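Visitor: Please give me a close look at the side-chain pairings in this model. Start with what should be set aside, then go through the pairs one by one.

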Amino acid sequence: MSLIPLPGRALVLLAAVLAVPGCLAQSPAAPPAEGVRLVEPEGRSAARAATRAFSQDEAVAYEAGPRSADGTGRYYLGREIARVMSHRGAAWLERPDREREERPALLVQALGLAPDDVVADLGAGTGYFTFRLAPLVPEGRVYAVDIQPEMLRIVEARAGEDGVGNVAPVLGTETSPGLRPRSTDLTLVVDAYHEFSDPREMLAGIFEATRPGGRLVLVEYRAEDPDVPIKPLHKMTEAQARREVEAAGFRFVENRDVLPQQHILVFERPAE
């Protein structure tokens with residue numbers, strides 16, 4: 001299948017961010033760019049409060065260790081956190097052969113979304129998945145969350161030019177998705193979690209933003225498969241992902257094995 005074309009203004013914006021690190025980069029969050037709407041910003045303070053309470057023993061949570069070629073030398077529960085995507089990342093997100101390699105249509109179908117679901121596309125980048133999710137939740141909303149205002153301007157431009165009214169860009173931080181507590185039915189994180197600089201805090205923020213019974217879905221390249229042609233630190237095993245996400249209070253539901261190279265790991269915030 002061919003690449004979904006970007007509208008004219010978005011192409012210009014995409015060219016402008018090719019020199020910016022990829023989704024959820026570990027640089028300080030910039031102030032909102034002109035035209036980027038901070039959706040429900042009061043949710044960010046609540047999420048930060050939750051992560052502060054969750055991370056009082058941060059010194060125990062993170063450890064320093066040997067630094068790999070693609071790593072940060074910072075370890076969480078035995079896993080070295082990967083370095084973020086390079087400046088080529090924005091173009092890589094929209095590469096023409098992604099449809100064949102990753103089968104995104106299968107992923108979106110596997111989510112089983114309801115028409116009124118509220119979904120967070122965390123690490124949305126250029127909106128590759130955001131605009132695949134939006135038609136499936138016509139009575140709901142898709143929050144496109146990223147820490148780069150430049151990426152969110154691309155999403156906003158595409159939403160405006162295509163007349164997509166249920167997509168809202170959200171400027172997050174390295175430690176919080178910036179969403180209201182208990183506001184989402186599902187958070188989708190595709191090929192990004194392994195690069196979170198502060199996974200413990202971010203998971204706490206996601207947990208706080210998820211409604212009881214809501215889901216977190218991590219999509220990561222399978223580290224169990226040596227034939228998956230991805231650098232080791234940019235892959236994850238199911239066991240490691242479960243270890244980290246369950247520590248934040250989520251319950252593991254299943255691994256939906258429908259993609260050629262990636263896990264679809266489904267977690268749930270327990271109902272109260």
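Guide: Begin with the N-terminal stretch. Over residues 1-38, pLDDT (the predictor's confidence in each residue, from 0 to 100) stays under 50. The model has 99 contacts for this stretch beyond four places in sequence, a contact being heavy atoms within 4.5 Å. Residues 40-56 also stay under 50, with 28 contacts beyond four places in sequence. Where pLDDT is low, the predicted coordinates should not be read in detail. The chain as a whole averages a pLDDT of 81, and 72% of the residues score at least 70.

This is a predicted model, in which local features need pLDDT of at least 70 and side-chain atom pairs need 80 or more, while totals for chains, interfaces and linings use all residues. Residues are numbered from 1 along each chain as its sequence is written, and side-chain values use heavy atoms, without hydrogens or water.

Now the charged pairs. Side chains of opposite charge can pair when their charged atoms come close. A salt bridge here is a side-chain nitrogen of Lys or Arg within 4 Å of a carboxyl oxygen of Asp or Glu. The whole structure holds 13 of them.

Take R222 and D257 as one of these salt bridges, with 3.9 Å between the closest N and O atoms. R222 belongs to strand β8 (residues 210-222), while D257 sits in the loop between β10 (251-255) and β11 (262-268), so the pair ties together parts 35 residues apart in sequence. Strands are DSSP runs of E, at least two residues long, and helices are runs of H or I, at least four, each numbered from the N terminus. R222 is buried at 15% relative accessibility; D257 is exposed at 60%. Buried means under 20% relative accessible area, exposed over 50%, and partly exposed in between, with a 1.4 Å probe and protein chains only.

R256 bridges to E254, the closest N and O atoms being 2.7 Å apart. E254 counts as partly exposed, at 31% relative accessibility. E272 and R269 meet at 3.4 Å, N to O. E272 is exposed at 70%, whereas R269 is buried at 6%. Salt bridges with shared partners also join D70, R83 and K231 into one network.

Next, the rings. Rings of Phe, Tyr and Trp (its six-membered ring) pair if their centres lie within 6.5 Å; planes under 30 degrees apart are stacked, over 60 edge-to-face, and the rest tilted. The count by this rule is five aromatic pairs. Y62 and Y76 make a tilted pair, 5.4 Å centre to centre with 40° between the planes. Y62 is in strand β1 (residues 62-64) and Y76 in strand β2 (residues 71-76), so this pair links parts that are 14 residues apart in sequence. Y62 is buried at 9% relative accessibility, and Y76 is buried at 3%. Y193 and F196 pair edge-to-face, at 5.4 Å between centres and 70° between planes. Y193 and F196 are both buried.

Charge and ring also meet. A charge sits over a ring if NZ of Lys or CZ of Arg is within 6 Å of the ring centre and within 35 degrees of the ring normal. R74 places its charged end over the ring of Y62, 3.8 Å from the centre. So Y62, already buried at 9% relative accessibility, has two ring-related partners to inspect: Y76 and R74. R132 lies over the face of Y128, at 3.9 Å from the ring centre.
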